[in-house]
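Welcome, and please open the model in your viewer. We will go from stop to stop, selecting a few residues each time and looking at what surrounds them.

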Amino acid sequence: MDLRATRAEISKAALKNNLAYFRKLIPSRTQLCMAVKANAYGHGLKSVAQIASPLVDAFAVATVSEAIELREAGCKQEILLLSAHTPEEIPSICQFQISPFVSHEHFIQLYQEEASRIGCQLKLHLKIDTGMGRAGVLPEEAPQIAQHIYSSANLVLQGLCTHFAVADETGEESKAYTLGQLAIFEKVRQKLEAQGTAAKLLHAANSAATVQYPETHYDMVRVGIGAYGYYGQTQPVMELKTRISIVKQLPKGHKVSYGCTWQAPRATQIGILPVGYADGYSRLLSNCGQVLIDGEIYPVIGRVCMDQFAIQIDGLENPLGKEVLLFGRHPELNAHSLAAQCRSISYEILTSVATRVPRHYI
Ligand SMILES: *Cc1c(COP(=O)(O)O)cnc(C)c1O
């Protein structure tokens, strides 16, 4: 076990509760797919998959290497590959039975050749760009591509799917946009059914749509951020913690950290924390972040460095070695509140927690 003071504590109970919450939201025939891309949103791919495995029907990743890591950890569920891959990765996709999202017709021939060569059936998910403007084929291209998949002996049209651009935003305009995307998706679905090339599973919803738009649940939902506690009635799974490693009493006027951007307004006590931007604690929190010790908030002072930063801890007794919460299950100190200070989103705060930070599963 890594004994470093800085660590990410991952609550198994919180993760299980969050998945149970999403399971309850969806119809019993609807599958629950959990997005575990980017090292399970920073929570640790293999361990999260092990904890979640009995509670989900499928996993979703962004890269082939993430999918292989899951297979090598013993994952038996379907693994959806959400992002684009290279032609060179197709042999691995077939070997490890990974289900790619199709955004280009010319890949279908390549999948068919490799699947036929090794004698397997490969599941494909045809993704429709209904207004996200990222991956996926345009709606009018879908019927022909579906035909192509149907006429390829070693390929299965496992899914027809889309992705929403503003499902997490409130307001009438966003709602209209999301329902517009859904209407386009419905039309494609009807066309494929009419020409006899229906997909086995329809899926569209991310966490936000799963919570806000029950009409998007279809046969499967793809839940990411909500499983980690940052959407819906869920609780944060990760707590980033450290301990005060150095304590000192600074005289009035003493400066702190690179750039000398902070100066003691009076004689003051400071603590140094052995965590920095290389651990995922953003440099944008310099002189504005906050931490929690014994239930009290203390300010970050001076610039956050690569491996350490300072906090002002006047009045804190016996500070050396005290536990410090950087973010976690706290109403004012979580990935969402940090993100607000960094002009970012909870996703980026979570996925920024570096691999050198040990994860403790408790
Ligand atoms: C990441 C991702 C999801 C999960 O999104 P959340 O907002 O984290 O729930 C669903 N679908 C696709 C295509 C994704 O890339």
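Which residues is Ala278 in contact with, leaving aside its neighbours within four places in sequence? Select Ala278 and you will find Met306, Asp307, Ala354 and Arg356, where contact means heavy atoms within 4.5 Å.

Before moving on, a word on what is on screen: this is a predicted model, in which local features need pLDDT of at least 70 and side-chain atom pairs count only at pLDDT 80 or more, while totals for chains, interfaces and linings use all residues. Residues are numbered from 1 along each chain as its sequence is written, and side-chain values use heavy atoms, with hydrogens and water left out.

**Stop 1: around Ala278**

Ala278 sits in the loop between strand S14 (268–273) and strand S15 (290–293). Helices (H or I, at least four residues) and strands (E, at least two) are DSSP runs, numbered from the N terminus. Ala278 counts as partly exposed because its relative accessibility is 28%; buried means under 20% relative accessible area, exposed over 50%, and partly exposed in between, with a 1.4 Å probe and protein chains only. For a sense of distance, add Ile149: the C-alpha atoms of Ala278 and Ile149 are 45 Å apart, with their positions 129 residues apart in sequence.

**Stop 2: strand S14**

Now select S14 itself. Six of its six residues are buried. Thr268, Ile270 and Ile272 point one way, and Gln269, Gly271 and Leu273 point the other. In a regular strand the side chains alternate between the two faces of the sheet.

Next, show the partners of S14. Strand S11 (residues 246–250) runs antiparallel to S14 and is joined to it by five bridges; two strands pair if DSSP finds at least two bridges between them. Strand S17 (residues 309–312) also pairs with S14 in the antiparallel sense, over four bridges. Click on Gly271 to see both partnerships: Val247 stands opposite Gly271, and in S17 the bridge partner of Gly271 is Ile311.

**Stop 3: helix H6**

Select residues 106–118, which make up helix H6. Its buried residues are Phe107, Ile108, Tyr111, Gln112, Glu114 and Ala115. What covers them? Turn on helix H5 (90–95), strand S5 (99–102), strand S6 (122–127), helix H7 (142–150) and strand S7 (155–161), which are included in that cover. Just after H6, Gly119 takes a positive phi of about 70 degrees.

**Stop 4: aromatic rings**

How many aromatic pairs does a search of the whole structure find? There are six. Rings of Phe, Tyr and Trp (its six-membered ring) pair if their centres lie within 6.5 Å; planes under 30 degrees apart count as stacked, over 60 as edge-to-face and the rest as tilted.

Try Tyr21 and Phe22: their ring centres are 5.0 Å apart and their planes stand at 75 degrees, so this pair is edge-to-face. Both Tyr21 and Phe22 are buried. Then go back to H6 for Phe107 and Tyr111, whose ring centres are 6.0 Å apart with planes at 45 degrees, so that pair is tilted. Phe107 and Tyr111 are separated by about one helical turn, because they are four residues apart in H6. Phe107 counts as buried at 11% relative accessibility, and Tyr111 is buried with a relative accessible area of 1%. Finally, select Tyr41, Tyr228 and Tyr347, which form one aromatic cluster.

**Stop 5: the ligand**

Centre the view on the ligand. Of the 13 residues around it, Lys37, Tyr41, Ser207, Ile225 and Tyr347 come nearest; a residue is near a molecule if one of its heavy atoms lies within 4 Å of it. A polar side-chain atom of Ser207 lies 2.5 Å from an oxygen atom of the ligand. Backbone N or O atoms also approach ligand oxygen atoms: one of Gly224 lies 2.9 Å away, and one of Ile225 lies 2.7 Å away.

**Stop 6: Asp219**

End at Asp219, in the loop between helix H9 (207–212) and strand S9 (220–223). Is Asp219 buried or exposed? At 18% relative accessibility, Asp219 counts as buried. A polar atom of the Asp219 side chain lies 2.7 Å from the backbone nitrogen of Leu202.

Definitions and conventions:
Polar contact = N/O pair within 3.5 Å; in protein donor to acceptor, adjacent residues only side chain to side chain.
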